[in-house]
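Colleague: I have a new model open on my screen and would like to learn how to read it. Could you take me through it one feature at a time?

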Amino acid sequence: MSELSQLTPQPLWDIFANICSIPHPSYHEEALATHIVQWAQDKGLFAERDQVGNILIRKPATPGYENRRPVAMQAHLDMVPQKNSDTTHDFTQDPIQPWVDGDWVKARGTTLGADNGIGMASALAVLADDSLEHGPLEVLLTMTEETGYGGRFRPAARLAAKRNPH
Ligand SMILES: [Zn+2]
């Protein structure tokens, strides 16, 4: 358990802490992407990846809400890896170490990756909450945004955008 588990809503922060534990700088998102796809499939959700690695997860509507407009939530998988000069940290191997400092969540000696970890965590927490009533949901997680939107305009992103013009 992470010390972030004391924060609310707890499911969101548990997912965020889990994301922090799996290295995911730009161009090294594969381990995190694989983990998230497995997570989704373990929940019985449809999950697929396109040829550049973008992830699309779908959750069907709550019974009775099938005719509602679908909602798509998008975030990117990669984070900007920066560390303090006195910190030894291999962003491709070492977990980010988040901690709670009053009203702030910080990381020890490195960037936290709240951009876009909290975006991913928010979208996945919505998928994980079976008490919510909702129309069709889609989550799109793109590869390698921080170095130039590598994944964003690729096929899965286009597809999702086309299906959900709003
Ligand atoms: Zn970003």
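Modeller: Happy to! Keep in mind that this is a predicted model. Let's begin with a helix contact: Leu 12, Trp 13, Ile 15, Phe 16 and Ile 19 in α1 meet a set of residues in α3, including Ala 114, Ile 118, Ala 121 and Leu 124. The residues of this contact divide into eleven nonpolar, two polar and no charged.

Colleague: How is the packing of two helices described?

Modeller: Packed helices are described by the angle between their axes and the distance between the axes. Here, α1 (residues 10–21) and α3 (residues 114–128) pack at about 135°, with axes 8 Å apart. The two helices are therefore oblique to each other, and their crossing is right-handed.

Colleague: Which residues coordinate the zinc ion?

Modeller: For a metal site, look at the donor atoms and then at their angles. His 76 gives NE2, Asp 115 appears twice through OD, and Glu 146 gives OE, at 2.0 to 2.6 Å. The angles among the four donor atoms are 54 to 140°, and the site is irregular. His 76 lies in strand β3 (residues 71–76) and Asp 115 in helix α3, so this pair ties together parts 39 residues apart in sequence.

Colleague: And the backbone? Is the peptide bond from Asp 115 to Asn 116 cis or trans?

Modeller: That bond is cis, with omega near 15°, and Asn 116 is found in helix α3. The bond from Thr 8 to Pro 9 is also cis, with omega near -5°; Pro 9 sits in the segment before α1.

Colleague: What is phi of Tyr 27?

Modeller: Near 75°, a positive value in a residue other than glycine. Look for Tyr 27 in the loop between α1 and α2.

Key: Residues numbered from 1 in each chain as written. Predicted model: local features only at pLDDT ≥ 70, side-chain atom pairs only at ≥ 80, totals over all residues. Heavy atoms only, no water. Axes fitted to C-alpha atoms, helices over the stretch in contact; angles between N-to-C directions. Helix = DSSP H or I, 4+ residues; strand = E, 2+ residues; numbered from the N terminus. Parallel < 35°, antiparallel > 145°, perpendicular 65-115°, else oblique. Left-handed = near helix turned anticlockwise from the far one by under 90°. Contact = heavy atoms within 4.5 Å. Nonpolar A, V, L, I, M, F, W, Y, C, P; charged D, E, K, R; others polar. Donors = N, O, S within 2.8 Å, 3.2 Å for Na, K, Ca; no water. Tetrahedral: all angles 85-135°; square planar, octahedral: opposite > 155°, others 65-115°.
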